[in-house]
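Visitor: I'd love a close look at just one part of this model. Could you walk me along it and then show me what lies beside it?

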Amino acid sequence: MFILGIETSCDETAAAVVEDGTAVLSSKVSSQVEVHHRYGGVVPELASRKHLESIVPVVAAAIRDSGINTDQIEAVAVTRGPGLVGALLVGFSFAKAYAYSLGIPLIGVNHLEGHINSVFLESLAPPFPFVALLASGGHTGIYYVTSHTTIELMGQTRDDAAGEAFDKVAKILGLGYPGGEIIDRLSREGDPRKIAFTRPYLNKSGFDFSFSGIKTAVSLYVHKHQSDHKIRIPDIAAGFQEAVVEVLAFKLINAALKKECEHIAVVGGVAANSGLRHKVRRDAERQGLKVYIPSVKLCGDNAAMIAAAGYHYFQAGIETKLTDDVFSRAK
Ligand code: KG4
Ligand code: ZN
């Protein structure tokens with residue numbers, strides 16, 4: 001079954017064609033980074049307008065690259081939420097019109113379930129059940145996944161998402177937007193032991209997170225050492241990254257141990273982080289756990305993961321009506 005996936009929840013216009021929820025025939029992502037860069041974050045109205053410009057060319061390119069014809073597409077899967085409402089409406093309205101004109105089903109997908117299903121696009125996918133850490137710019141949580149569509153929330157951030165903390169710290173350090181990739185790169189030149197930033201919630205039971213405290217600690221540190229010529233930005237980046245990575249990896253592994261679950265996954269934009277990938281693999285190995293982390297291009301927002309989740313919704317008989325609306329917050 002060929003499914004066209006569409007994703008416009010934030011600042012990436014993406015389209016993909018996926019076969020049977022596993023084989024990516026094409027995946028196009030048009031990033032809006034240059035539009036939002038000068039503002040240091042995503043400007044919702046500009047995001048909607050850019051999606052409107054890009055949606056037709058991006059979908060056309062995904063279909064062209066897939067090597068299949070339009071009449072072979074059997075359903076359209078599209079992100080329904082959570083995300084920026086104006087941005088979601090562009091993709092959702094487009095997908096409705098597309099499905100309506102071809103007389104094929106429309107499948108509205110929860111963006112977070114899309115990220116979790118991204119692990120099934122790799123040749124080595126986890127069996128059920130598995131415990132997943134989803135860390136992105138808008139969400140950070142730990143989930144117990146017993147089927148493609150049965151996902152139990154075990155804990156989540158009380159304030160900032162992990163990716164949001166990376167972006168805010170990059171802004172404090174004057175490094176630009178989006179910050180995750182820049183901090184990841186700079187961390188390799190720094191010494192993570194030079195500055196020990198706080199590890200919030202590390203010693204708290206349960207699987208909730210809090211990242212706004214680390215961001216404040218970095219801000220205070222920078223303020224205090226402003227005139228100190230010996231402070232090195234790479235050391236601050238490395239110290240901050242290590243603090244975040246330690247908390248994420250610790251909670252994920254403990255969640256798996258609590259559930260007596262042998263398989264763990266890391267998904268979402270922050271799963272691209274080299275420090276996190278390395279630490280989770282190393283710590284999991286010590287506990288005898290098996291780790292599944294998608295390739296970097298499937299960690300950030302993309303439409304292949306939406307098509308994959310959509311396939312499993314379809315198999316489970318979950319439908320979306322042409323009169324349905326989008327949602328902005330996680331359900
Ligand atoms: O999943 P995603 O593309 O969009 C959301 O659903 O939010 O995640 C974007 C987030 C941004 O905050 C970005 O800074 C972060 O993922 N990110 C990273 C890295 N690459 C992207 N964070 C840490 N290290 C990275 N290498
Ligand atoms: Zn995302």
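Guide: Happy to! The bend at a residue is the angle between axes fitted to the seven residues ending there and the seven starting there. By that yardstick, helix 2 turns by about 45° at Ser 54, and Pro 57 comes within four residues after that bend. This is a predicted model, in which local features need pLDDT of at least 70, side-chain atom pairs count only at pLDDT 80 or more, and totals for chains, interfaces and linings use all residues. Residues are numbered from 1 along each chain as its sequence is written, chains are lettered from A and ligands numbered from 1 in the order written, and side-chain values use heavy atoms, without hydrogens and water.

Let's follow helix 2 from end to end. Helix 2 runs from 44 to 66 (helices are DSSP runs of H or I of at least four residues, strands runs of E of at least two, numbered from the N terminus). Its 23 residues should span 33 Å at 1.5 Å a residue (times one less than the number of residues), and because the end C-alpha atoms are 30 Å apart, the two values agree. Just beyond the helix, Gly 67 has a positive phi of about 80°.

Now for the side of helix 2 that is hidden. Ser 54, where the helix bends, is among its buried residues (under 20% relative accessible area with a 1.4 Å probe, protein chains only). Ala 47, Ser 48, His 51 and Ile 55 are buried too, and so are Val 58, Val 59, Ala 61, Ala 62, Ile 63 and Ser 66. These buried residues pack (heavy atoms within 4.5 Å) against strands 1, 2 (12-19), 3 (23-31) and 4, helix 1 (33-36) and helix 3.

Helix 3 deserves a look as a partner of helix 2. Helix 3 covers residues 85-102, and its 18 residues should span 26 Å; the end C-alpha atoms are 25 Å apart, so this helix agrees with expectation as well. Its buried residues include Phe 92, Phe 94 and Tyr 98, along with Ala 87, Leu 88, Val 90, Gly 91, Ala 95, Lys 96 and Ala 99. Buried residues of helix 3 pack against helix 2 in turn, and also against strand 1 (2-7), strand 4 (73-81) and strand 5 (106-110). Strand 1 and strand 4 thus appear in both sets of partners. Helix 3 is followed by Gly 103, whose phi is positive at about 70°.

Methods. Buried < 20%, exposed > 50% of the residue type's maximum accessible area, 1.4 Å probe, protein only.
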